[in-house]
Amino acid sequence: MSQRTGIVRRVLARLSIRHRTATPTRKRAASCREVEPLFSGGRRRFVRQLGILAVGLAALKVQVAEAVYKLIKNVRLWRSPDKTRLVFDVSDAVEHHKFHLSNPSRLVIDVDGARLSGSFSGLQLKDTPIQKIRHGPRNKSDLRIVLDLSEKVSSESFLLKPNATYGHRLVVDLFDDKSRKPQPVVRQKPAGYRDIIVAIDAGHGGEDPGAIAYGGGYEKQVTLAIAKELANLLSKEKGFRPVLVRTGDYYIDLRRRTQIARDNKADLFISIHADGFKDHRANGASVYALSRRGATSETARWLAQKENASDQIGGEGGISLGDKDDVLAGVLLDLSMTSTLSSSLEVGNKVLANMGGINRLHKKQVEQAGFVVLKSPDIPSILIETGFITNPGEARKLKSSSHQKAMAKAIFNGAKSWFYKKPPPDTLVAKWKQEGTLNTRPSRYVIKPGDTLSEIADQFDISMNDLKRANRLSSANTIRVGQVLQIPD
Ligand SMILES: [Zn+2]
């Protein structure tokens, strides 16, 4: 049955007219009495039925329009450091064409058989190359959308299928003109020793909200908040430097996330997530490293793209695969993947041990899975599920800034203690460790004039409560010069 026939049937049904095909054939003799005449039974009834007909016809008109035209219902804009993403909500999969015009710069998007049913007026265009969005009908049946641009951009567009949050979508990406961007300044360390670089990847973002939190909110917001807290802690720590893979509410492809870590020469990649499950009782935090199977298939993939592998594992001081034969390249890559994987498991265990202090753990050991973001052959990588955002208790905690801070601190402590044990050789931390000046925590501390309990707790990275409990101190916080404090682990 075509959509239009269906609509006609529904309208006819509302007017109490039985459709001819609905008439049972065996009552053929009485069939003329079964079909009510269109307007019967006096003037008032006629007027009422006329009214119903008018309403029916209006509904028919709207429904026919919907059936004929696809509707552009809404638009969202996500701005990331190098591109602007426009996402149009459409009533169905649409056909579209786009082309660029210059002087002045414009991008034209023609959508076949479409109408705009929403509005473009609420969009925040600040800090984007878009100055204005215009639209109008084209060829009687199509919709033309024109983006007036302040600069040259390149563009890509594609359709997205419905997911849990949105329906069909038309996505248009505008990539910033690279020449406009200043080249990143490479920081030179005169002594040749460098900071340890930790890439922090806040899961999801933009059009991908991640899991939906119990009581409202999204995983993408929690992951970014914890990532920023972690970056803050690392930026204050001598010998460490954070790199935030995602800095705002926009989506980054999974492979691009590991690429950003590699471009920044990261020593560790930490992807932050929060679990979601249909059963609200599920709870607990977990840490993942790449599975052996995922590592094996990834090694194969890298070898299949040898040029790719050469710049990824290569670079200064790295292993260059470009000039090796396939067998040797395979062995080297496999070695790199294996040592990276064992490092990932070690750092994952440290983080897990620290997280156990602030949250119930879903599993007591590091789990292994084939997550794409964990597939760098040369950077130890872990993925942290900070708890179940679908669990009422954990959702409340994950959305609170105090718990986000505590979670970041646990991850920070875990990563730091691993790097203190195994610092990369050319780093400041490695140098301090060799000189014996690395600030390792003593088991005792003698109080000096001017010391306060909170400063001592801060210095040794422990909570005031732990410090007081270990030394059976009263709530008065009184200490005296010369007093010996036990520093708990
Ligand atoms: Zn996630």
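Strand pairing and helix packing in the core

Q: Which residue of S5 stands opposite leucine 71?
A: This is a predicted model, where local features need pLDDT of at least 70, side-chain atom pairs count only at pLDDT 80 or more, and totals for chains, interfaces and linings use all residues. Residues are numbered from 1 along each chain as its sequence is written, and side-chain values use heavy atoms, without hydrogens and water. Strands S1 (residues 70–80) and S5 (residues 114–116) pair in the parallel sense over 3 bridges (DSSP runs of at least two residues for strands, at least four for helices; pairing needs at least two bridges). Opposite leucine 71 in S5 stands arginine 115.

Q: How many bridges join S1 to S2?
A: A hairpin through 2 residues joins S1 to S2, and isoleucine 72 stands opposite valine 90 in S2. The two strands run antiparallel, and the number of bridges joining them is 8.

Q: Which element gives the largest share of the largest nonpolar core?
A: This core (buried nonpolar residues joined through side-chain atoms within 4.5 Å; buried means under 20% relative accessible area) has 43 residues, and Ile270 and Ile411 are among those with the most contacts inside it. The elements giving two or more residues include S10, H4 and S12. The largest share, 9 residues, comes from H10.

Q: How do H4 and H10 lie relative to each other, by angle class?
A: Leu230 in H4 and Ile411 in H10 are among the residues that meet. The axes are 8 Å apart, at an angle of about 55°. Therefore H4 is, relative to H10, oblique (neither under 35, over 145, nor 65 to 115 degrees).

How values were computed:
Buried < 20%, exposed > 50% of the residue type's maximum accessible area, 1.4 Å probe, protein only. Axes fitted to C-alpha atoms, helices over the stretch in contact; angles between N-to-C directions. Contact = heavy atoms within 4.5 Å.
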